[in-house]
Amino acid sequence: MQTMSVELLCAPPACGKTRACIQHIQALRAHKPMAAVRIVVPDRLQADAFLRRLAASGGAIGTAVGTFGGLYREILQHAGRVVPLISAPLAHRLVQEAVEAVYQAGELNHYQQIHALPGFHQALGEAFAELKRAMVDPADLRRYAAGETPAQQELARIYARYQARLQELDWADQEGYSWLAVAALRDAPRLACCYDLLVFDGFDTFNAAQRRALCELAVQAGEMVITLPLTPGSERAAERRFTRNYDKLINELNPRVTTLPAAPRLPADLHYIQQSFLAGSPARLAHAEHIELLQARSPAEEAREALRWLKARVVRDGIPLNDCALFTPDLDIYRPLLCAAAREYGIPLKFTQYDVLSRSPALAALLNFLAIPTSNYETRVLFKALHSPYLKLGLTTAQVDQLEVISRAAQVVEGREQWTETWQRLIPAALVEAKGDDVEEDLPNLPHGQDAAALQQALDNAFALLQPLDGEFPLRSWVEWLEKLFDKAGFSAQAREGSDKLAYDAFREVLRALVATESVAGEKPVAYAGFLAQLTVVLLGAPLPEAPSPREGALLVGRMLEARGVRFRAAAILGLSEGIFPIVEHPDPLLDEALRRTLDLEPRLEREQAGLFYQALARADERLLLTRPYLAEGGEDWEESPYWLEIRRLLPDTVLHTIHPDDPRPLAEAASSQELLFTGVRRGDITGYPELDERFERLSLAREVLRGRRIPAADGPYEGGLNRLADAFAQRYAMGKPWSASRLEYYGTCPYYFYVKDALALEPCVPPEVGYNAAQLGSMLHEILEVTYATSQNSASLEALLAALPSAAEQVFANAPRKYGFRPGALWDFQCAEHTAMLEETITALNAASDGWTPAAFESAFGYNEAPPLRIELEAGPVHFHGFIDRIDRSADGKVRIIDYKTGSSHLANTDLLSGRRLQLPLYALAARDALGYGEPSEGFYWKIQEGASALKLSGFTSPLGSGMGGAVSMLLAHLERIMSGICAGSFAPVPPHGGCPDYCPAVHWCWRYQTSGW
């Protein structure tokens, strides 16, 4: 190829390539002051940095600095070709159209199942962008795919249809500008002669489109200078990525190669590690003062420590904040962690990559609100909207709380018809008077009558606000509807300050872009779900603007890819643990590695990430920090990154610091008032900061609470020791008040469980779900057995019982959803049949185990209505009990047997009575004898409906207090003395039971002593 003057400047990072470019510009302007000079860099960050350095040298006037995209547009302007750039919504629309066209033609089989999914369209858009950057013509892709897989053939068809549609409209996507610019240069051989000098600086690789443009420009522009961060001929692994690119430029441009002398501006130790990284086996440095390695327990603490270190550089070393930077391989992981710590430390951040617009809290609330109809008014989605501060839907906080209580009691899972059914049960005035009515029992303490009607009206008004248009409409109509909704739902008024306003304004721009797509591509009416899907996908690709940086500057936070070409006085690099960096590579599901090699696309596997880290090591002129997390989420050690190990091999151990959260730290290390207080409380003193005294006292109390909860054995006022309230508990739980066996077992299981569940009356707040829970199943099965035995012609006859079972089961199951408060699932009929069959087996097995025994009573009540309670005399006085005994049997010789049905299979062993976790059997045995007069019991056991008799049998019970029935009763009385005295004394220290705590305990989420059961 015949070229003009093309020079390839090569040198390792931080060895003066940009400085040489600036000197070249100055030398040109010395003899040609009006020379047209264009500088092309990879991104706006490097453009700003280059322009600042150029201005400082006095050569910025008449020199344009920008990216390849800006150069392409300028070339097209010179050619007189103005091609509109498609917006993100229009690009998405064209991808959709291309997929639909191929589908309608019957040429989409492999991707048929996912062809309408927004995620598939988004992935296709990204794949098309890669293909265009590699200058892959649709015809070339179709020829390649002809002998390949059906997936690649279909991809080629969709790509061809997409490109054809762009040409029909005479518009271009961002990558298409490179094609148009290259074509313009090829068609007009003197189009770029206006450039006296073109400089391409800061690149470590060029894609195929960029290299094609370089080839066309090389024969037209006066001079061209290209820089690369490598030493020609180097075989270092860190430079492999650059060497491949170097070889391509040599073959395609035949440039003059200039290797700059390695005279870095870095301190000696920073230069050494950058020079020695992955370069054989160099010696370890004896001393290093400009680099530090820091290990923190988690990414969150790693982010805090890195920001603390950078703040120290600003405060102690006098480095301006805008001369500092932080680089991370994964902003998705570190962005929220850095933002949280930066707010505490008072450090403004400036990210090189915008967050996506849909992550704005205001827009997340709006999207959740808009999703209510498409989710079939799912309760979880509905209440997120009703609680949102960004929406004013006409309900008070008290009304929303009432609706939540109703939704849980009535098991409103989704669908407006479930709300309608609930109102039909609550509103009728007769309902309030219907004592004992099933509905009244099912939905206790809920609003009725006019109160329920008022709530219904308020909720219906909220539903009416979001009533979508019925049918299919163009996007313009949907956007008009949405903008009216903004005002009606109060969204416009709430999102008008700070970052919310920035997000709201950006969202309005997205809506305008959506409408604009129809003016270009034509109207395509869609239903509400289609409009919402398009809106959601566009928001996933739209940037969330950041607030302007303060005048004093902000800390730059970028990706590892951007840690090149720009210099800072202090920099931190995060994430050097296995799996974070190097980034775990995954094959592209659309463009596999074989196709990438053939079409000259960047690989997705073996991407030579060492080259990125190699350049990042040279970003700091004065101080560099490398960090990593050392503990994974599960608590196991987090392995070091191979790059971390390589750096450690080069440096003395003195530069490595491991941060343990419990290690004491000096007050001078605190980067915020919160940390100052935390450290001061641990030291017991914070002298010299009177403005923090009040917060210091509160935090000291919190530390006392934590210390009390961390002692090995639970004790004291912060761990359930409420002895100071003993009089109040003794009065509340006076001996004469009736008790149930289950309440005793709360305390027997764990005193704190009793305190939370009974004394505080707290219950887990479980969202409504389709189907029944274990307690509801147990109630249903108990009732079916009760009805079966009550309605059979002979309760001792197996045939009579099995004949009565189907009718009893049908009766109970028909009323169960309403009576027990659950929504039957799609398998309800199958489950009913399954449970009926299981009860048939249970009745058969129970009958076989009852040889010599005859049922005497079922569901025998004591302590209710006219039935006398069980009275037990304790040292402190009498205690009364009430309950229902599932079954009492008699033998021919007058013996009595107690049976209690259980649906669960756990905690029914001898040890459970010994520990006090199960007290029901001996208590019911005493009730049958003393309260109901059935005589002396000789046996008792739990009958597990799915398994049979329990291991715990009163006749076989053994304990230090005795054996058999007598031993069981003695053990019961001992537990009663302990439990009642403990309750009246206010002794509720948590004691996790053997085998773990019950997962249904209300204190699961905050109890310090909670232990999971099982493995």
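Phe 200 stands opposite Ile 226 in strand E5, and this pair offers an entry into the strands around E4 in what is a predicted model. Strand E4 (residues 197–200) and strand E5 (residues 223–228) pair in the parallel sense, with four bridges between them. Strand E2 (residues 37–40) is likewise parallel to E4 and is joined to E4 by four bridges, with Val 37 placed opposite Leu 197 of E4. In a regular strand, side chains alternate between the two faces of the sheet. In E4, Leu 197 and Val 199 lie on one side and Leu 198 and Phe 200 on the other, and all four of these residues are buried, so that both faces of the strand are covered.

These elements belong to a chain of 1015 residues, of which 51% count as buried. The chain has 38 helices and 25 strands, and its C-alpha trace spans about 125 × 70 × 55 Å along the principal axes. Among contacts in the chain with a separation of 6 or more, 74% are accounted for by residues 24 or more positions apart.

Towards the N terminus, helix H1 (residues 17–31) and helix H2 (residues 44–57) were examined as a pair; their axes come within 11 Å and cross at roughly 50°. Because angles between 35 and 65 degrees fall outside the parallel and perpendicular ranges, this crossing makes H1 oblique to H2. The crossing of the two helices is right-handed. On the H1 side the contact is made by Thr 18, Arg 19, Cys 21, Ile 22, Ile 25 and Gln 26, whereas H2 contributes Phe 50, Arg 53, Leu 54 and Ser 57. By residue class, the contact of H1 with H2 divides into five nonpolar, three polar and two charged residues.

Helix H11 (residues 268–276) is mostly covered, with seven of its nine residues buried. The buried residues of H11 are Asp 269, Leu 270, His 271, Tyr 272, Ile 273, Gln 274 and Ser 276. The elements that cover them include two strands, E7 (291–296) and E14 (620–629), together with two helices, H26 (610–616) and H27 (642–650). Just after H11, Leu 278 takes a positive phi of about 55°.

Further along the chain, an open sheet is formed by five strands in the order E17-E20-E21-E22-E23, and the pairing within this sheet is mixed. Strand E17 (853–862) and strand E23 (948–953) stand at the edges, and because each has a single partner strand, one side of each is left without a neighbour in the sheet. From one strand to the next, the twist of this sheet averages 35°. Within the sheet, strand E20 (residues 883–891) and strand E21 (residues 896–902) pair in the antiparallel sense over four bridges, and Arg 887 has Ile 899 of E21 as its bridge partner. Helix H35 (residues 828–848) lies across E20, E21 and strand E22 (937–944), and the direction of H35 is at about 160° to that of E22.

Terms used: Residues numbered from 1 in each chain as written. Predicted model: local features only at pLDDT ≥ 70, side-chain atom pairs only at ≥ 80, totals over all residues. Heavy atoms only, no water. Axes fitted to C-alpha atoms, helices over the stretch in contact; angles between N-to-C directions. Parallel < 35°, antiparallel > 145°, perpendicular 65-115°, else oblique. Left-handed = near helix turned anticlockwise from the far one by under 90°. Contact = heavy atoms within 4.5 Å. Nonpolar A, V, L, I, M, F, W, Y, C, P; charged D, E, K, R; others polar. Pairing = 2+ DSSP bridges. Buried < 20%, exposed > 50% of the residue type's maximum accessible area, 1.4 Å probe, protein only.
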